Amino acid sequence: MAALCGTLGALLLVILVAVCLPLTLPRVFGYHIYTVVSGSMEPAIPVGSLLYIQEVPPEDMSERDVIAYYGGSDRTAIITHRVVENRVFMGEFVTKGDANPEEDMTPVPYDDFIGKVRLSVPRAGRAAQVLSSTPGKIAAACLIGLAVALQALSAVLGRRGRG
């Protein structure tokens, strides 16, 4: 029984680390992580995808690159669209969502540029949203507590078995 408790506790911790690592480790290397909430880039980037955005110089962006930038009326929304034209001398991009019939009306100034989309993982964004929510964090904390309790129970049962 002690071995079973110890194994279950270790397995819970390994699963938690495996699930949380893709959401935390890339940030150490300068990546931003976002979840796609609109269909403007479908089918290339479906709703619910997890995006890994790397900070790069805006001048290095080329036509067809997918970028992330601040947009919307208050410049707080995060938008991912494809570069149609990079106007380096004007410091702006002309962009378009793949699913949109026309280019975006307003060019994107370099000041609103976040970075280049390096990786898109379909459906993983929804899981990331759940894990980063308050209930998700509480659930993770409970699982850590359960893993620690199982490890402690394993130690107690192991001592009783020897004594």
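Colleague: Does Glu92 count as buried or exposed?
Modeller: Keep in mind that this is a predicted model. The cut-off for buried is under 20% relative accessible area, and Glu92 comes in at 14%. So Glu92 counts as buried.

Colleague: Which side chain meets Glu92 in a salt bridge?
Modeller: The N to O distance for that pair is 2.8 Å. The partner counts as partly exposed, because its relative accessibility is 26%. It's Arg87.

Colleague: And which residues do the shared salt bridges join into one network?
Modeller: Start from the pair we just had, Arg87 and Glu92, whose side chains meet in a salt bridge. Salt bridges that share partners make one network here. Its members are Glu85, Arg87 and Glu92.

Colleague: How many bridges join strand 4 to strand 5?
Modeller: Strand 4 covers residues 77-87 and strand 5 residues 92-96, and the two run antiparallel. Glu85 stands opposite Val94, while Asn86 has Phe93 as its bridge partner. The number of bridges joining the two strands is five.

Colleague: Which residue in the turn between strand 4 and strand 5 has a positive phi?
Modeller: The two strands form a hairpin with four residues between them. The phi in question is about 70°. The residue is Gly91.

Colleague: What about the hairpin of strand 3 and strand 4: which residue takes a positive phi there?
Modeller: Strand 3 and strand 4 run antiparallel and are joined by six bridges, with Val66 opposite Arg82. This hairpin has five residues between the strands. The one with a positive phi, near 85°, is Gly72.

Colleague: Okay, zoom out. What is the order of the strands in the open sheet?
Modeller: There are seven strands, with antiparallel pairing. At the edges sit strand 1 (31-35) and strand 6 (108-109), each pairing on one side only. Helix 1 packs on this sheet, touching strand 1 and strand 2 (50-54), and its direction makes about 145° with that of strand 1. Read across, the strand order is 1-2-7-3-4-5-6.

Colleague: Which residues form the nonpolar patch on the surface?
Modeller: Together they have about 570 Å² of accessible area. One of them, Ile15, is in helix 1 (residues 2-28), and Ile15 counts as partly exposed because its relative accessible area is 45%. The full set is Met1, Leu4, Leu8, Leu11, Ile15 and Val19.

Colleague: Back to charges: which residue forms a salt bridge with Lys116?
Modeller: The closest N and O atoms are 3.4 Å apart. Lys116 lies in strand 7 and its partner in the loop between strand 2 and strand 3, so the pair ties together parts that are 51 residues apart in sequence. Both residues are buried. The partner is Asp65.

Colleague: And what does Arg75 form a salt bridge with?
Modeller: The closest N and O atoms of this pair are 2.8 Å apart. The pair links the loop between strand 3 and strand 4 with the loop between strand 6 and strand 7, 37 residues apart. Arg75 is partly exposed, at 37% relative accessible area, whereas the partner counts as buried at 11%. That partner is Asp112.

Colleague: What is the phi of Arg123, which is not a glycine?
Modeller: Most residues other than glycine have a negative phi. Arg75 has a positive phi of about 60°, and Arg123 has a positive phi as well. Arg123 is found in the loop between strand 7 (113-121) and helix 2 (124-132), and counts as exposed because its relative accessibility is 65%. The phi of Arg123 is about 65°.

Colleague: Which proline follows Glu42 through a cis peptide bond?
Modeller: Most peptide bonds are trans. Here omega is near 5°, and the proline is found in the loop between strand 1 and strand 2. It's Pro43.

Colleague: Last one: leaving aside neighbours within four places in sequence, which residues is Gly97 in contact with?
Modeller: Gly97 lies in the loop between strand 5 and strand 6. Gly97 counts as buried because its relative accessible area is 0%. Its contacts are Ser40, Met41, His81 and Asp104.

Notes. Residues numbered from 1 in each chain as written. Predicted model: local features only at pLDDT ≥ 70, side-chain atom pairs only at ≥ 80, totals over all residues. Heavy atoms only, no water. Patch = residues over 30% accessible without salt bridge, like charges linked within 9 Å, V, L, I, M, F, W, Y side chains within 5 Å. Areas by Shrake-Rupley, 256 points an atom, 1.4 Å probe, with all protein chains shown as cover. Salt bridge = Lys/Arg side-chain N within 4 Å of Asp/Glu carboxyl O. Buried < 20%, exposed > 50% of the residue type's maximum accessible area, 1.4 Å probe, protein only. Pairing = 2+ DSSP bridges. Contact = heavy atoms within 4.5 Å. Axes fitted to C-alpha atoms, helices over the stretch in contact; angles between N-to-C directions.
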